[in-house]
Every structure is written in structure tokens, then in C-alpha cells.
Amino acid sequence: MAIHGVEDFRRALGAARRVTVLSGAGVSAESGVPTFRGAGGMWRRWSATDLATPAAWARDPGLVWEFYDYRRQRMAEVRPNRAHIALAEFEARWTAAGRDFTLVTQNVDGLHEAAGSVAVTRLHGSIWHVRCVSCGQVTPNRDVPITPAFAGAGSPDPATKTRWFGPGDLPFCKCGGLLRPHIVWFGESLDAQDIGNAVAAASRCDVFIAVGTSAVVYPAAGLIPRARAAGAVVCEVNPEPTPATPDVTVHFSGPAGEVLPGLLDGLPG
Ligand code: BV8
Ligand code: ZN
């Protein structure tokens, strides 16, 4: 099915039973959350992907916590934008009409949930949850700073005079184990149930929308060709082309906060 513009897409969406959305960091960009691969992806002399690894954690957990505490400080101040809201309001109308909706997100900022999205599968964890390395318990944690030792720390400026954060500065579980961000780092496997949910939602939907993702991180990026192979209409919303663009049914170029309302508002009719 060829889709040439917004009206064509809205017609296909209106006729759908099952919709699956994959979101990436670009959906939160208009809320002021830096994306990974854009300009904001650097912190001091590291890119986010250097620090979001088990090796970085093993080498210097205090530095990894300083990086995540900085991001938590930033995320504590941001609010959902029109993209998050358009998705949450669409989901409410869609499910009230008895249709099936799944939002699969790569984001860890909790802004979809804050906007009211309900059926959210978080592939890469949550910056607002911590996990004990010993007993594995996952608990919500909104402490900013994560411990008093990090007050005023975290500046992304490479010239920052850094201090070392030792065990006495880090957060611990009541069992005595060290607490880490409950986030899937590069080289770590995703939760089997989460990726299973996401694969099922991509494999059986009529319309799949990939919004704000550079489509380079796997297995999340693999959901896009999977939806296409399963016969879905695949729509990409991104100001830039991505490696997925050649394989999608239609690409709408522009910021999610501007494009999504035009694609979703008022549906289902
Ligand atoms: C795994 C948490 C099995 C971190 C994240 C070698 C060794 C080990 C693994 C690999 C390897 N080679 C490949 C792999 C697999 C690896 C991978 O895919 N690497 C890539 C980089 C090549 N994947 C993994 O490691 C995954 N695990 O495979 O386990 C395994 C195990 C062992 C060994 C092998 C395999 C785990 C991946 C999860 C990593 N964790 N997040 C944190 O947040 O701190 S991923 C991280 O990138 C974020 O979650 C982010 O969401 C995600 C993807 O990035 P995007 O969301 O797409 O964001 P990005 O900045 O890239 O792009 C933003 C887009 O938005 C752009 O396109 C831009 O144009 C657009 N945009 C900008 N403004 C707007 C906009 N769009 C709309 N509106 C706007 N206003
Ligand atoms: Zn514990």
C-alpha cells in the first residue's frame, strides 16, 4: 500500500485495529532532554554510550553515578511535550474504541508515563528506578541528588575539576548491596519479557510508527523491519533520514511535537 501524505496515512490509521509505536530519544528532545547522538550526547570527555556500559561501572561506579545523577537532575526539571501528550491522548481514544495499542520506548526518562501513556513497554529501563547488584531488587528512586555526596556535582563541562566518589558516597540497598541505575547498558541483554512484548506488538500490528529514533541500537531497531515484514504500514517521524528510512512505507520529516498531533489527533473517527 503506497502512502503519499498525511491524509493517506490518517485513512490507513483510521482503518487499523492494532497500532504499535516505537519511540526514541528524539521524542523527548522538545522537552529539553539531550539526545544521544546529537550535540547533547557528550558529557565531559565521554559520549553517553561510553559510560552506559558494565565496563565503565566496574571501573568507576562513582563516575557512572555522577553521570546518571546529572541526567536525573536535568530530567527532574523537564515536562512531557506535545509529542508525549499526542501519543497518550491517542492511546486513550484508541483503547476506548476497543482497539489495540502498544507503546514501546527506548527512553528511560519516564516522560511517556508522566504524559498519561498506559501500555508502555520500556526496553532500556528507567532512570527513576535503581537495582541492587546483590539481591536484584528494583525500587523507584527520585532522590536528587542520589546521595548528599553528589550535591552540586555532575557538571558536563570537560574543564570540571572532578572529585572521586568512593563507596562511602554511593547508594546502598538495605541488604548491603550497591545500588545501580535500573538501565540496560550497552552489551547487557534486555529483559526477556519486555523484548518479547515488543516483538509480539511489532509482529501483529496493522500500523507501526517509529518516532524520534536513529534506528541504530539493536534489538530495538530490529522492530521496524519486523513490522514491515509482518505486513504493517510503517511510518517514520524524524527530522532526519535514518538507516530505517529506505524500508518504511512513509517518512514524515519534522519534529515529533509538530508532526504527531497532525497524524493522530481526532482518530479514531
Ligand atoms: C544487546 C540506556 C545482547 C542507556 C540504551 C558490540 C558489543 C555489545 C553489543 C553490541 C555490539 N555491537 C552491537 C551491539 C548491540 C548493541 C547496539 O545495538 N549497539 C549499537 C550502538 C551499534 N545493543 C546492545 O548492547 C543492547 N543489548 O544487544 O544485548 C548482547 C549482549 C552482549 C553482547 C552482544 C549483544 C542494549 C542496548 C541498550 C543500550 N541502552 N539506553 C542510557 O539511557 O543511559 S540505548 C540508548 O540509545 C538510549 O536508550 C536511546 O534511546 C537509544 C537509541 O538511541 P535513540 O533513542 O534512537 O536516540 P538517538 O540520540 O540515537 O537518536 C535520536 C533521534 O531523534 C535522531 O534520529 C534524531 O534525528 C531524532 N530527533 C531529534 N530531535 C527530534 C527527533 N525526532 C523527532 N522529533 C524531534 N524533535
Ligand atoms: Zn539488595
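Domain bounds here come from an automatic or database domain assignment. The model is predicted.

**Exercise 1. Describe the second largest pocket: its volume, its lining and the domains that supply it.**

Step 1. Start with the volume. The second largest pocket holds about 280 Å³ of space.

Step 2. Find the centre. The lining has 17 residues, and those closest to the pocket centre are Arg-122, Gly-125, His-182, Asp-191 and Asp-194.

Step 3. Sort the lining by class. It has 7 charged, 5 polar and 5 nonpolar residues. For this count, Gly is placed among the polar residues.

Step 4. Assign strands. At least two lining residues come from each of β5 (120-122), β6 (125-132) and β8 (179-183).

Step 5. Assign domains. Domain 1 (1-33 + 81-124 + 192-269) gives at least three residues to the lining, and so does domain 2 (36-77 + 126-183).

**Exercise 2. Identify the donors of the zinc ion (ligand 2) and work out their geometry.**

Step 1. List the donors. They are the SG atoms of Cys-132, Cys-135, Cys-173 and Cys-175, lying 2.3 Å from the zinc ion.

Step 2. Read the spacing. In sequence, the donor residues follow the pattern C-x2-C-x37-C-x1-C.

Step 3. Place one pair on the chain. Cys-135 sits in the loop between β6 and β7 (138-140), while Cys-173 sits in the loop between β7 and β8. They are 38 residues apart, and the pair links distant parts of the chain.

Step 4. Test the angles. Four donors count as tetrahedral if all angles lie between 85 and 135 degrees. The 4 donor atoms around the zinc ion subtend 102 to 121 degrees, so the arrangement is tetrahedral. For comparison, the ideal angle for four tetrahedral donors is 109.5 degrees.

**Exercise 3. Classify Cys-135, Cys-173 and Tyr-218 as buried, partly exposed or exposed.**

Step 1. Set the cut-offs. Buried means under 20% relative accessible area, exposed means over 50%, and partly exposed falls in between.

Step 2. Take Cys-135. Its relative accessibility is 44%, so Cys-135 is partly exposed.

Step 3. Take Cys-173. Its relative accessibility is 12%, so Cys-173 is buried.

Step 4. Take Tyr-218. Its relative accessibility is 58%, so Tyr-218 is exposed.

Step 5. Locate Tyr-218. This residue is in the loop between β9 (207-211) and α9 (223-229). Its C-alpha atom is separated by 10.0 Å from that of Leu-190, which is 28 residues away along the chain.

**Exercise 4. Find where two cis peptide bonds lie.**

Step 1. Go to Val-144 and Pro-145. The peptide bond between them is cis, with omega near 0 degrees. Pro-145 belongs to the loop between β7 and β8.

Step 2. Go to Leu-267 and Pro-268. They are joined by a cis peptide bond with omega of about -5 degrees. Pro-268 is in the segment after α10 (256-264).

**Exercise 5. Locate Arg-44 and Ala-215, give the phi of each, and decide whether each is buried or exposed.**

Step 1. Begin with Arg-44. It lies in the loop between β2 (42-43) and β3 (46-47). Its phi is positive, near 55 degrees, in a residue other than glycine. The relative accessible area is 5%, so Arg-44 is buried.

Step 2. Turn to Ala-215. It lies in the loop between β9 and α9. Its phi is positive at about 55 degrees, although Ala-215 is not a glycine. The relative accessible area is 5%, so Ala-215 is buried.

Key: Residues are numbered from 1 along each chain as its sequence is written. Chains are lettered from A and ligands numbered from 1 in the order in which they are written. This is a predicted model: local features need pLDDT of at least 70, side-chain atom pairs count only at pLDDT 80 or more; totals for chains, interfaces and linings use all residues. Side-chain values use heavy atoms; hydrogens and water are left out. On a 1 Å grid over the protein atoms alone, a cavity is a set of points where a 1.4 Å probe fits but cannot get out, and a pocket is an open set with protein on both sides within 12 Å along at least five of seven lines; lining residues have an atom within 4 Å of a point. Grid points are joined across faces, edges and corners, and a volume is the space filled by probe spheres set on the points. Helices (H or I, at least four residues) and strands (E, at least two) are DSSP runs, numbered from the N terminus. Donors are N, O and S atoms within 2.8 Å of the metal (3.2 Å for Na, K and Ca); water is not among the atoms, so sites may look incomplete. Four donors count as tetrahedral if all angles lie between 85 and 135 degrees; four count as square planar and six as octahedral if opposite donors are over 155 degrees apart and all others between 65 and 115; anything else is irregular. Buried means under 20% relative accessible area, exposed over 50%, partly exposed in between (1.4 Å probe, protein chains only).
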